[in-house]
Amino acid sequence: MTATMEPVLALDDVRKVYPGSPPVAAVRGVTLSVHAGELVAVVGSSGSGKSTLLHLMAALDVPTAGRVRLAGHEAGGLSDRGLSGLRAHLLGVVFQQFFLLERLSAVENVAAGLLYRGVAGAERRRRARAALERVGLGHRLGHRPTTLSGGERQRVAIARALVGEPRLVLADEPTGNLDSATAAGVVALLRQLNRDGMTVVVVTHDRQVAAAADRRVELRDGRVVRDSGRDAGPGGGDRP
Ligand code: ADP
Ligand code: MG
């Protein structure tokens with residue numbers, strides 16, 4: 001029981017300063033827990049530190065101070081190899097720019113999401129097909145990214161993020177390159193995945209995306225200035 005109550009993601013007074021002259025304090029002491037089954041939108045204007053925070057959450061970057069725990073594992077205590085393993089098993093990450101490999105088909109792009117999981121080739125393809133069907137692209141398996149629309153490309157990227165059945169999907173402005181109708185479809189998909197049990201954190205400045213989330217965390221100048229989920233849980237006290 002205790003194990004299931006452990007947050008999927010816990011940030012404790014996390015800070016990030018980019019060195020330079022002058023240095024930039026992009027994240028200034030963020031404390032935040034995300035529990036299994038949540039759909040959280042981290043919102044804030046451009047430059048508020050959303051992408052920096054997402055990179056810290058994904059252990060793609062190292063905080064200047066503070067701690068990041070993923071499913072109970074302290075990211076700071078792990079070697080590069082340990083971190084890669086942790087990411088491969090726990091996380092799926094989706095970016096605004098999709099980052100698909102243009103020379104590979106949709107199914108090959110998604111199967112690539114399992115490369116570090118020690119899954120055999122045929123099984124990788126079988127799971128990739130299932131993931132593409134789940135995002136509504138069962139009819140586009142052999143298509144290369146250049147022959148897909150923006151919305152379809154982002155669905156392929158989402159399928160790649162979830163093919164390993166991660167504990168947590170992190171998305172950075174997933175609708176940033178999409179028109180609003182297409183974006184609405186991607187938002188609906190993220191909601192559906194969440195209803196099916198996926199824990200999702202999406203960072204965005206898009207109100208439409210934020211409105212779809214049950215919990216909104218507002219970031220301003222690298223600090224959390226509002227968290228709609230903070231007073232929702234038992235024992236959670238909201239600050240004015
Ligand atoms: P957002 O995603 O909300 O637009 P970012 O996390 O990208 O915000 O940026 C937060 C702040 O950190 C901004 O002032 C930005 O210019 C700065 N920043 C982001 N990345 C770097 C970097 N690699 N080096 C120096 N400053 C950076
Ligand atoms: Mg950003």
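Helix H7 gives the most to the lining of the largest cavity, with 3 residues. The model here is a predicted one, and a search through the whole of it turns up 1 cavity of 30 Å³ or more. There isn't much of a void to talk about: the largest cavity holds about 50 Å³ of space. Its walls are made by Leu39, Val187, Leu190, Arg191, Val202, Val209, Ala212 and Ala213. Besides H7, helix H8 also gives two or more residues to that lining. Sorted by class, the lining comes out as 7 nonpolar residues, no polar ones and 1 charged.

On to the packing. The largest nonpolar core counts 42 residues, and the ones touching the most other members are Val110, Leu132, Val135, Val156, Ile158 and Leu162. Helices and strands both feed into this core: on the helix side, two or more residues each come from H4 (106-111), H5 (121-134), H6 (150-162), H7 (180-195) and H8 (207-212). The strands that do likewise are S3 (39-43), S7 (168-172) and S8 (199-204). H7 and H8 thus turn up again, having already appeared in the cavity lining.

A second core, of 32 residues, lies apart from the 42-residue one, and its members include Val68, Ala71, Val203 and Val217.

Val110 is worth a look of its own, being one of the residues that touch the most other members of the largest core. With neighbours within four places in sequence set aside, Val110 is in contact with Ala128, Ala131, Leu132, Val156, Ala159, Arg160 and Val163. Two of these partners, Leu132 and Val156, are also listed with Val110 among the residues touching the most core members.

Note on methods
Residues are numbered from 1 along each chain as its sequence is written. Chains are lettered from A and ligands numbered from 1 in the order in which they are written. This is a predicted model: local features need pLDDT of at least 70, side-chain atom pairs count only at pLDDT 80 or more; totals for chains, interfaces and linings use all residues. Side-chain values use heavy atoms; hydrogens and water are left out. A nonpolar core is a set of buried Ala, Val, Leu, Ile, Met, Phe, Trp, Tyr and Cys residues joined through side-chain atoms within 4.5 Å. Buried means under 20% relative accessible area, exposed over 50%, partly exposed in between (1.4 Å probe, protein chains only). Helices (H or I, at least four residues) and strands (E, at least two) are DSSP runs, numbered from the N terminus. Contact means heavy atoms within 4.5 Å. On a 1 Å grid over the protein atoms alone, a cavity is a set of points where a 1.4 Å probe fits but cannot get out, and a pocket is an open set with protein on both sides within 12 Å along at least five of seven lines; lining residues have an atom within 4 Å of a point. Grid points are joined across faces, edges and corners, and a volume is the space filled by probe spheres set on the points. Ala, Val, Leu, Ile, Met, Phe, Trp, Tyr, Cys and Pro count as nonpolar, Asp, Glu, Lys and Arg as charged, and the others, Gly among them, as polar.
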